[in-house]
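Colleague: Got a minute to walk me through this one? I'd like to know how the helices and sheets sit together.

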Amino acid sequence: MLLALLNLPALFLIVAALVSGLFVGWYVGWRLAKRGLTRSNEQIGNSRANDASSLSSHLLNATLNEMREGLLVIDRDMRVLTANRAAQQLVFNLGGDGIFSRRLTELTRNPAIYDAFLDGIRGTERSGVKVETYGPERRVFDLRVVPLRSAADGGISGALGIFFDVTRLERLELVRQEFLSNVSHELRTPLTSIIALTETLEDGALADSQNNRRFLSIIKKNSTRMHRLIDDILELSAIEAGNVKVSREWVPLRLLVEDIVGSLSAGTSRNVSLDNQIPSNAKVFADPHRLAQMLTNLIDNAVKFNRDGGKVTIRYETHNSDHILVEDTGEGIPAHHLDRLFERFYRVDRARSRDLGGTGLGLAIVKHLAKAHGGEVSVESRFGEGTVFTIELPRHIEEAHREESPSKLTAAG
Ligand code: ADP
């Protein structure tokens with residue numbers, strides 16, 4: 001947003017320079033053409049001036065039409081003098097030249113646009129006017145209007161407005177606000193519990209031998225959750241900002257999964273069996289630390305959201321890319337949640353996730369890490385039966401060539 005606003009004056013200068021260029025070009029051409037009528041010996045100069053004028057007009061048109069910002073110039077009667085392509089198509093959803101000489105009121109009923117241009121022809125500059133349009137899709141513009149003064153007497157001859165498309169910036173701002181409100185909400189819940197329990201302990205429960213340890217363990221659990229949440233937020237921000245370096249190497253997949261399965265089995269009291277079905281010779285080209293992070297997240301979820309006596313299987317398949325599958329026999333995920341599952345803080349059952357110590361950021365981290373590898377992660381699930389998460393990683397380029405070469409030779413031979 002700031003960047004776009006900082007560019008406003010520069011853009012205005014360019015447009016103003018171009019518009020004045022057109023007028024000067026036209027004026028010079030007109031003067032020379034007029035003189036040419038009376039002074040025949042200046043005919044060659046006259047035709048050169050016309051060429052220059054038409055070139056400058058052509059250049060101006062091309063520049064204005066390629067601008068991403070919409071530009072609209074109206075005269076004192078609020079009729080359109082000129083409008084570039086972006087203004088016609090994006091702001092007014094019109095095609096062709098039907099816009100010229102039409103009144104502004106015929107083009108739009110949007111009071112924000114009308115008022116800003118009316119102020120313009122009354123001599124008042126307006127900036128930061130928010131304009132929303134609803135064509136095939138909703139768009140938001142930041143409109144700036146300045147009065148146009150005639151060079152001869154300084155009187156107002158019209159107004160010039162530029163529409164900056166800020167739809168994407170607004171969407172990003174919304175995402176940012178939503179993220180902040182989610183973070184505050186996620187932190188507030190454990191913090192409230194910690195404060196309440198600390199006060200209870202202070203008010204006498206410290207001496208209550210039946211409850212004091214229980215209260216302390218709840219305080220510890222909530223502090224750990226806050227700690228984990230902050231770690232995940234920092235991690236996600238670093239990955240999203242591109243500050244996480246992925247150093248790829250050949251990783252023996254079976255060994256890596258064995259380590260993860262070992263440490264997760266040690267840390268859980270759940271009756272869920274883990275089956276590592278990765279062939280011992282399987283290797284993938286990935287950052288071992290980041291791959292372990294992705295798989296730990298997925299396998300941990302597969303255990304957490306499993307049923308008692310359930311199973312988690314980790315498999316490897318190789319196609320054009322390497323696939324690592326984490327399958328569980330858990331509760332499954334209803335189909336309508338699947339599209340949003342990798343969004344930050346999205347959870348099927350919020351209370352349950354919190355109870356299980358979840359932050360709601362694990363899958364978002366997996367998604368970004370898979371992308372950082374040039375791959376992706378996907379999910380398939382049957383409600384009540386189980387879920388399969390698949391990490392897809394591109395194969396090492398040299399390896400792919402090595403495998404391709406013999407078949408190419410055979411084909412050629
Ligand atoms: P959380 O910290 O809640 O586990 P995640 O981003 O890792 O956050 O997962 C988001 C949500 O996706 C979970 O809260 C859960 O509802 C759902 N989910 C993830 N993995 C599974 C799974 N294997 N089976 C069922 N639901 C799952």
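**Helices, sheets and the ligand shell**

Modeller: Start with α9, which lies across β9, β10 (321-328) and β12 (386-394) and runs at about 25° to β10. Then there is α12, which packs on the sheet and touches β11 and β12. The direction of α12 makes about 135° with that of β11. Keep in mind that this is a predicted model.

Colleague: OK. What is the strand order in that open sheet with mixed pairing?

Modeller: The order is β7-β9-β10-β12-β11, so to speak left to right, with 5 strands. The edge strands are β7 (273-276) and β11 (376-382), and each pairs on one side only. Neighbouring strands here are turned by 15° against each other on average, direction ignored.

Colleague: In what sense do β7 and β9 pair, parallel or antiparallel?

Modeller: Parallel, over 4 bridges, with strand β9 covering residues 311-318. One of the bridge partners to look up: S273 goes with K311 in β9.

Colleague: Switching to the ligand. How many residues surround it?

Modeller: There are 20. The closest are F305, V348, S353, G358 and G362.

Colleague: Which helices each supply at least two residues of that shell?

Modeller: α9 (288-304) and α12 (362-372). The largest share comes from α9, with 3 residues.

Colleague: And how does the shell split by class?

Modeller: It has 7 nonpolar, 9 polar and 4 charged residues.

Colleague: Back to α9. At what angle does α8 pack on α9?

Modeller: About 45°, with the axes 10 Å apart; helix α8 is residues 253-267. That angle makes α8 oblique to α9. The crossing of α8 past α9 is right-handed.

Colleague: Which residues meet there?

Modeller: From α8, L256, V257, I260 and L264. From α9, P288, L291, A292, L295, T296, I299, D300 and V303. By class, this contact of α8 with α9 divides into 10 nonpolar, 1 polar and 1 charged.

Colleague: Next topic: the other open sheet. What is the order of its strands?

Modeller: β2-β1-β5-β4-β3, again 5 strands, and the pairing is antiparallel. The edge strands are β2 (80-83) and β3 (126-134), each pairing on one side only. Neighbouring strands in this sheet are turned by 25° against each other on average, direction ignored.

Colleague: Which helix packs on it?

Modeller: Helix α5, residues 111-121. α5 touches β1 (70-75), β3, β4 and β5. Its direction makes about 15° with that of β4.

Colleague: How many bridges join β3 to β4?

Modeller: 7, and the two strands run antiparallel. A hairpin joins β3 to β4 through 3 residues. For a register check, E132 stands opposite V140 in β4.

Colleague: And how many join β4 to β5?

Modeller: 9 bridges, antiparallel, between β4 (residues 138-149) and β5 (residues 156-165). P147 has A159 in β5 as its bridge partner. R149 has I156 in β5.

Colleague: What sits between β4 and β5?

Modeller: 6 residues, and the two strands form a hairpin. Look at G154 in the turn, which has a positive phi of about 80°.

Colleague: Last one, the α6 and α7 pair. At what angle do they pack?

Modeller: About 155°, with their axes 9 Å apart. Helix α6 is residues 167-202 and helix α7 is residues 212-240.

Colleague: So are they roughly parallel or roughly antiparallel?

Modeller: Roughly antiparallel, because the angle of about 155° is over the 145 degrees that the class requires. The crossing of α6 and α7 is left-handed.

Colleague: Which residues make the contact?

Modeller: On α6, V183, E186, L187, P190, L191, S193, I194, L197, T198, T200 and L201. On α7, N212, F215, I218, I219, N222, S223, R225, M226, L229 and I233.

Colleague: And what is the class split for that contact?

Modeller: 13 nonpolar, 6 polar and 2 charged residues.

Colleague: Good. Remind me which helix to open when I go back to the ligand?

Modeller: α9, with the largest share of the shell. That helix also lies across β9, β10 and β12, and α8 packs against α9 at about 45°.

Note on methods
Residues numbered from 1 in each chain as written. Predicted model: local features only at pLDDT ≥ 70, side-chain atom pairs only at ≥ 80, totals over all residues. Axes fitted to C-alpha atoms, helices over the stretch in contact; angles between N-to-C directions. Parallel < 35°, antiparallel > 145°, perpendicular 65-115°, else oblique. Left-handed = near helix turned anticlockwise from the far one by under 90°. Contact = placed C-beta atoms within 7 Å. Nonpolar A, V, L, I, M, F, W, Y, C, P; charged D, E, K, R; others polar. Near = placed C-beta within 6 Å. Pairing = 2+ DSSP bridges.
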